[in-house]
Structure formats: C-alpha cells, structure tokens
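Reader: Please take me closely through one part of this model, the strands and how they are put together. I would like one connected account, with the surroundings added where they help.

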2 protein chains.
Amino acid sequence: MASHNNESVKGKRAVVIGGGVIGSSWAALFLANGMQVTVSDPDPDVETKVKAVLKDATPSLTELGYNAPDAANLSFEADNSKASSSAYVIQECGPEREDFKKDLWAKIEGAAPKDALLLSSSSGITATKQSTSMHDPGRLVIGHPVNPPYLIPLVEVVPGEKTTKAQTEAAMTFYKSVGKTPVLVHKELQGFVANRLQSALFKECVYLVVQGVMTVADLDQVVTESLGIRWATGGPFLSFHLSGGPGGFAAFLQHLAPGVESNWKNAGDATFDDKTKKLLLDQVARAYGHTPYDQLSGTRDTKEVAVIGAVSEA
Amino acid sequence: MASHNNESVKGKRAVVIGGGVIGSSWAALFLANGMQVTVSDPDPDVETKVKAVLKDATPSLTELGYNAPDAANLSFEADNSKASSSAYVIQECGPEREDFKKDLWAKIEGAAPKDALLLSSSSGITATKQSTSMHDPGRLVIGHPVNPPYLIPLVEVVPGEKTTKAQTEAAMTFYKSVGKTPVLVHKELQGFVANRLQSALFKECVYLVVQGVMTVADLDQVVTESLGIRWATGGPFLSFHLSGGPGGFAAFLQHLAPGVESNWKNAGDATFDDKTKKLLLDQVARAYGHTPYDQLSGTRDTKEVAVIGAVSEA
C-alpha cells in the first residue's frame, strides 16, 4: 500500500531524543523505512520499552506496506551530543517543558552535522520558543505527529518565526520520504490545527453528555457511524461542498450555512469540573472499562490500518 | 457485509412523503430491504428523479450486502392520504416548514393504519412541534438520517414530549431491521447531535482558514489524514480513553484535559459574512472546482462504502 519512495533516507541515521511512546513510535517508523536509528534517553529501561513498541507497531507497519522494523539497525546512546554526531535527522520527543527543549537544542546544534534536520515532536511549544538559545534558530522546525505516529499519516509541520524556508521544505520532503502526509501550518497558534479541531468537537460532546442528551457510548456511536466515515474520506469543506449538491459550496452557503451558524450561536459550553469529570469517568468505565487497554488499542490499530487501506484503494 | 435481519419488514409497504434527494435515498434503502415502496410527491417529474437516485445508490447498496433495489416494487401516488392507506411505515421527507409538517400529520394520521409507524426525516423541526395538530401526538418520532441515507448508518431517533416509549422503541427496531444504526437522542436540542458536532468542528475550520493558518485544501487533508481515520474507528471518548494510555480516561483527564480546556479558551470565532464567504468559495473552487459534482460524490460514496466495510471486517 505504501507508495512513497524512501530511497533518499535508507541507511541514514535518525536520532530520536526521548524513548517514550512517541519517540518509540517514530523509531519504529524510521526503522521500517530502512534507516539506522539511535534512541537517546537516560532511562535505563529504554531499550526494553522501545522494543515493546516496535513489536506492537510491526503488524500495522507491514500491513501498511513497510518492511518490519529491524532491531539490528537500532542503537541506544544516553548522551544527546554523542548520539547526534552522525545524525541525518534528529526527531526530538523529550518532555514538554520549554527549558528542557531550549537547553537541548542549544547543546546539540553544534554536536550534530551542519546539515542535519532538526525536528521537534512538540504539540505545543513552538519552534520560536524552543530556539531562543540557538546559534542558528533557522534550523528548527516542528514536526508534530498524531498518535500513534507509526500509523496515522498526518504530521503538522510548523516553522518558527526564524525557521528558513529551506529547512521547512526539507522537513516536508523528509516526512514524505518516510511515508507520512506532512501539512504546512503557517502560524504558530496554540494547539496547531488537529488538536484545536479535536478540542472544538470534544467541547460539544462533553456538553451533550452533561446535558443528558446522550450517553458517552451513544455519542461515540454517532461519530463512528456518521461523521467519522465522512471525514475519513473527505474533509469538512469537501463534505459541505457535496452537501450543496450540484450547486456545490455556493448552494451550501445559501441553504445550509444559516443552520450551521445557528448551531454556532446555540453551541454548548463545557468545563472539566469535578462533577463533569466524575460523570464522564463513570460513563467511559461503563462503555469501555471491561476491555483491557492492550486489546482496545490493538483493535484501534487494526481498524485504523484497514481504513487507511480502504480509502487509498477505493 | 449486511448482518441485519430484514425478514420482519420484507414485503411490507414504506410510504415516502417527498421524493427529493433524502426521500429517494430512503426509497432506495427500503427497496433494497425487499419492501414495497410508494413515493408521494406532487412533482410530475418525481418518477424520473427517484429512479436516477436508485441507479446512483445501487452500487453502494449491493457492495454493503443489500439486494439491488427492485423498481418493480416501487409506485407513485401524489395524494398523501391515498398513499398512506396501506402503510407499514411512513417516512416523511417533505419541505422543512413547520406548517407543512403539522398539516401533513393531522391529515394522514387518520388515513394511515392505526399501527403504522410515523417517522419524520426532519433535521430540525422537532416531533413536539410537528405533532401539535395531531389527534394522537404519541405516534410521531423523528428519524433523522445523514446524507446519503442509503449509505451512512446513523439515524438519530428523537422522540417528542408526547411520543410514547413504545413508538420510540418501534422506530429503533424498524431502523435496525433495515440495516441502519439508530441512536436515541433524549432531548430535542436544536441540530440534534451529529449536526451540532459537525458545526462545532466547522467553526474552528472556518476560523483557521480566515486567519491564514492553512488553506481549505490543507485543512481537509489534516482531517482525512488524522481525525477522520481515528473517528471512523472509535468515537471521541474512546479515542481520549486510549490517548491516556494504560491509565485510560483518568490519565487523559489528568494529563491531557488541561490542554483541551486551554484550546476551548482559545478557540476561534467565525461568521459567514461576505468576506468570509468569498474567501471560502474561492478556496473551495481552487481545491475541488475542477472536478464535476457527480465524480466527486461518486468517489465519496465508493470510499465511504469501503470504510464501512473495512471497519466492520477488521
């Protein structure tokens, strides 16, 4: 199924800073593209943890058309600078703390080769903020993945104020070459794009459950049985363009947009206060608590891979 | 792929009031379940229009495991009362005007058999409002489909204040028997549930495009390449339950919910003013305007059917 050409990265070294869930997932994807991978993490158990994720990721990766990640190409080096010395690309997945990231880049920009790609997985600490102690802040770009990164195609590429156009383009090219779908985010807004959209939908979900309009289980079913199917195959704008019928988006704006605007005016409010938390926890437990995490996440991966395959082949 | 049992409705008569896009789609689905179907619409061209939709719907229906709709079981009767006289179920798909629907039900509740199911496809005029001139308002239930109704599984079942529990349950059973996924909506909120969720997400989409964060085409790609895949396989609550890792929804509430709440505080505002309309129209035209409507909607149907199949088989 994979139609990307990874010849340009094969055999090159990806350094993954931080061997948590996101870092391990990137490592799996890079290995599956034939890269050499070094994971840099002070955790003494990092090797065990990364290898467990490799094992979990392998069925999805092979089903998506990649090679199985080869652990023979995987190494570990706790010292960030040493690890970075022969990097083609550095994918940072450390703690979400501004001071950590600022110090890291200031330290390793000199240790890494001059043309190494410097990428951060951060979901919220912008390249502008992370790069303030760097000698050359033009080198740093955000490459924010969606969980699980070995499976979901999107990577949000978000340049900082000083990031060069060349670095941004190099990041886009790199992510394409490992089979991802990079999308360029032109402004460093909080939450970037996918998380903002997800939060907007979730606010209304929480409101509707709190109001007793629907249970958590039923609300999830509304989404999987309608909007999810729609949005897996066409985004919100294409969907409304088609809702307009042969008149397209102009007809949508004339006939359906007033209803949408009216829903905006009547949208619900929500907050994670203690009462709301308890209600949601109880209902989530009732809906999903009887199934172990590994089983639920395994099923999710299997279904997501099937959806990606179905859309690309249809 | 269809695993429903439609034996209980086979050969029975569905009367579809209104032969527009929604009515024609219901007709296609009911025929594909072996029902007799009468479409009631004063439009002299209604037969041509309904048969065109039958033709479009047939590949999706057969791919989903139904029989091809058999036009030999399809008839037309412009007079609502006559059409309703032998109805097992009446699915109303007339104009979205309260007076039209009020008058219709007052007129045909007597013409239809006493135990006929009375269902309205309305997306916004509640059963409470539609039934005010009925002798027995307990009979009417909303069965709101998602476009295209022959394909998307969800039906929002929304009882009015006076709808009996027995009628609501009968509606749920009927929709299941024709292969749909009915979900019960406990309160008659404007927009019910799916349209409220869709509107909430779209507001942030419009905001981000107006702000220049991303083009319409790129924003659609963000959704199809991440959230759409996720939500086709698991709803928002299950997704966040899994985002919490082995700690589940409790871990989500502790670690990730503050970020979501912060996105709520920073969510964008939007309005369909002339400037916004022009911007969106231009970008939608650039993204999709070069492909004819029939081709785009055909591709959507093919992909949506593939996604439904992939999820059910994975």
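Author: Helices and strands are taken here as DSSP runs, a helix needing at least four residues and a strand at least two, and both are numbered from the N terminus. The model is a predicted one. On that basis chain A has twelve helices and eight strands. Its radius of gyration is 21 Å, close to the 20 Å given by the globule rule for 314 residues, so chain A is as compact as a globular protein of that length. The C-alpha trace of chain A spans about 60 × 45 × 45 Å along its principal axes. Of the 314 residues, 57% count as buried. Among contacts in chain A with a separation of 6 or more, 70% are between residues 24 or more positions apart. The accessible surface of chain A is about 12,300 Å², and carbon and sulfur atoms account for 50% of that area.

Now the sheet itself. In chain A, eight strands make an open sheet with mixed pairing, and their order is β3-β2-β1-β4-β5-β6-β7-β8. The edges are held by β3 (74–76) and β8 (181–184) of chain A; each has a single partner strand, so one side of each is left without a neighbour in the sheet. From one strand to the next, the twist averages 25°. Helix α4 (residues 98–111) of chain A packs on this sheet and touches β1 (13–17), β4 (89–92), β5 and β6 of chain A. The direction of α4(A) makes about 165° with that of β4(A).

Strand β6 of chain A can be followed from one partner to the other. On one side, β5 (residues 117–120) and β6 (residues 140–145) of chain A pair in the parallel sense, over three bridges. One residue pair can be named there: S120(A) has I142(A) as its bridge partner in β6(A). On the other side, β6(A) runs antiparallel to β7 (residues 154–159) of chain A, and five bridges join the two. I142(A) appears here again, with V158(A) as its bridge partner in β7(A).

In a regular strand the side chains alternate between the two faces of the sheet. In β6(A), L140(A), I142(A) and H144(A) point one way, while V141(A), G143(A) and P145(A) point the other way. Residues count as buried when their relative accessible area is under 20%. Six of the six residues of β6(A) meet that description, so the strand is largely enclosed by the rest of the structure.

Chain B can be described along similar lines. Its eight strands form an open sheet in the order β3-β2-β1-β4-β5-β6-β7-β8, again with mixed pairing. The edge strands of chain B are β3 (74–76) and β8 (181–184), each of which pairs on one side only. Direction ignored, neighbouring strands in this sheet are turned by 25° against each other on average. Strands β5 (residues 117–120) and β6 (residues 140–145) of chain B run parallel and are joined by three bridges. Within that pairing, I142(B) in β6(B) is the bridge partner of S120(B). A helix of the other chain also belongs to this picture: α8 (residues 216–233) of chain A packs on the sheet and touches β7 (154–159) and β8 of chain B. The direction of α8(A) makes about 145° with that of β8(B).

Two residues in helices of chain B complete the account. K101(B) lies in helix α4 (residues 98–111) of chain B and is buried, with a relative accessible area of 1%. Leaving aside neighbours within four places in sequence, K101(B) is in contact with eight residues that include E92(B), S120(B) and Q130(B). The side chain of K101(B) has a polar atom 3.3 Å from the backbone oxygen of P95(B). S122(B), another of the contacts of K101(B), is 21 residues away in sequence and 9.4 Å away in space, C-alpha to C-alpha.

T233(B) is in helix α8 (residues 216–233) of chain B. At 10% relative accessibility, T233(B) counts as buried. A polar atom of the T233(B) side chain lies 3.4 Å from the backbone oxygen of I229(B). Not counting residues up to four places away in sequence, T233(B) touches T224(A), K303(A), E304(A) and V307(A) in chain A, together with V311(B).

Terms used: Residues are numbered from 1 along each chain as its sequence is written. Chains are lettered from A and ligands numbered from 1 in the order in which they are written. This is a predicted model: local features need pLDDT of at least 70, side-chain atom pairs count only at pLDDT 80 or more; totals for chains, interfaces and linings use all residues. Side-chain values use heavy atoms; hydrogens and water are left out. Two strands pair if DSSP finds at least two bridges between them. Axes are lines fitted to C-alpha atoms, for helices over the stretch in contact, and angles run from 0 to 180 degrees between N-to-C directions. Contact means heavy atoms within 4.5 Å. Buried means under 20% relative accessible area, exposed over 50%, partly exposed in between (1.4 Å probe, protein chains only). A polar contact is a pair of N or O atoms within 3.5 Å; within protein, one must be able to donate a hydrogen and the other to accept it, and residues adjacent in sequence count only if both atoms are side-chain atoms. The radius of gyration is taken over C-alpha atoms; the globule rule is 2.2 Å times the number of residues to the power 0.38. Accessible areas come from the Shrake-Rupley method with a 1.4 Å probe; for residues, only the protein chains shown count as cover.
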